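Biologist: Before we discuss this protein, could you put the model in front of us, and then take my questions one at a time?

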Amino acid sequence: MELSKNVRENKNLRDSFNQLAEDTFGIHFEQWHERGYWTEKYVPFSFVEGDRVIANVSVNLIDFTIEGEEKKAIQIGTVMTHPDYRNRGLSTDLLKSVLAQYRNQVDFVYLFANQNVLEFYPKFGFQAQQETLFSNGARHRR
């Protein structure tokens with residue numbers, strides 16, 4: 001097993017990543033990749049065995065302007081482990097790697113957690129926050 005940050009550039013690994021994302025979340029990134037939206041700002045940290053992604057924690061590099069100040073942030077996402085490899089601490093190890101790499105490079109780190117993993121992220125210093133939804137009042141026409 002090895003750590004890879006090059007899933008996007010390797011077709012076999014990208015296909016395996018896409019399959020794991022589809023099996024885990026029902027999402028697929030290939031069309032996003034084909035249209036050029038998968039840039040260097042989306043970085044999967046993946047544990048790989050051969051040509052198979054077995055666990056992943058992705059980083060979205062995002063720039064914000066908050067009260068007139070430019071801020072750099074990362075959003076953690078696509079945290080997933082193949083069922084055959086669960087309960088081995090792989091997501092923990094990947095998340096630790098991500099946080100160590102970006103600790104001194106960003107102003108803050110955030111994520112959106114599913115209800116079933118709310119107890120996982122506080123181990124890394126994350127705290128639950130109230131989510132706010134903003135709208136411009138526009139309505140979708142059918």
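Modeller: Here it is, and please keep in mind that this is a predicted model. A starting point is Phe108, which has a relative accessibility of 28%. Buried residues fall under 20% and exposed ones over 50%, so at 28% Phe108 counts as partly exposed.

Biologist: Which residue forms an aromatic pair with Phe108, 5.4 Å centre to centre?

Modeller: The planes of the two rings stand at 40° to each other, and the pair is tilted. Phe108 lies in strand S5 (residues 108-111) and its partner in strand S3 (residues 52-66), so the pair ties together parts that are 44 residues apart in sequence. The partner is partly exposed, with a relative accessible area of 26%, and the residue that pairs with Phe108 is Phe64.

Biologist: How is the pair of Phe17 and Trp38 classed by the angle of its planes?

Modeller: Phe17 sits in helix H1 and Trp38 in the loop between helix H2 (30-34) and strand S2 (42-49), 21 residues apart, and both Phe17 and Trp38 are buried. Planes under 30 degrees apart count as stacked and those over 60 as edge-to-face. The ring centres are 5.5 Å apart and the planes are at 50°, so the pair is tilted.

Biologist: Which element supplies the largest share of the largest nonpolar core?

Modeller: This core has 23 residues, and those with the most contacts inside it are Ile76, Leu95, Val98 and Tyr102. Leaving aside neighbours within four places in sequence, Leu95 is in contact with Val57, Ile76, Phe120, Tyr121 and Phe124. S2, S3, S4 and H3 each supply at least two residues of the core, and the largest share, six residues, comes from H3.

Biologist: How many residues make up the second, separate core?

Modeller: Among the members of this second core are Val7, Tyr42, Val53 and Met80. Tyr42 also belongs to one aromatic cluster with Phe17, Phe29, Trp32 and Trp38. The number of residues in the second core is eleven.

Biologist: Which element gives the largest share of the lining of the largest pocket?

Modeller: The largest pocket has a volume of about 800 Å³ and is lined by 29 residues, with Phe25, Val79, Met80, Val117 and Tyr121 lying nearest its centre. The lining divides into 14 nonpolar, twelve polar and three charged residues. Helix H1 (11-25), strand S4 (69-81) and helix H3 (90-102) each supply at least two of them, and the largest share, seven residues, comes from S4.

Note on methods:
Residues numbered from 1 in each chain as written. Predicted model: local features only at pLDDT ≥ 70, side-chain atom pairs only at ≥ 80, totals over all residues. Heavy atoms only, no water. 1 Å grid on protein atoms, 1.4 Å probe; cavity = no way out; pocket = protein on both sides within 12 Å on 5 of 7 lines; lining within 4 Å. Points joined across faces, edges and corners; volume = space filled by probe spheres on them. Helix = DSSP H or I, 4+ residues; strand = E, 2+ residues; numbered from the N terminus. Nonpolar A, V, L, I, M, F, W, Y, C, P; charged D, E, K, R; others polar. Phe/Tyr/Trp six-rings, centres within 6.5 Å; stacked < 30°, edge-to-face > 60°. Buried < 20%, exposed > 50% of the residue type's maximum accessible area, 1.4 Å probe, protein only. Core = buried A, V, L, I, M, F, W, Y, C linked by side-chain atoms within 4.5 Å. Contact = heavy atoms within 4.5 Å.
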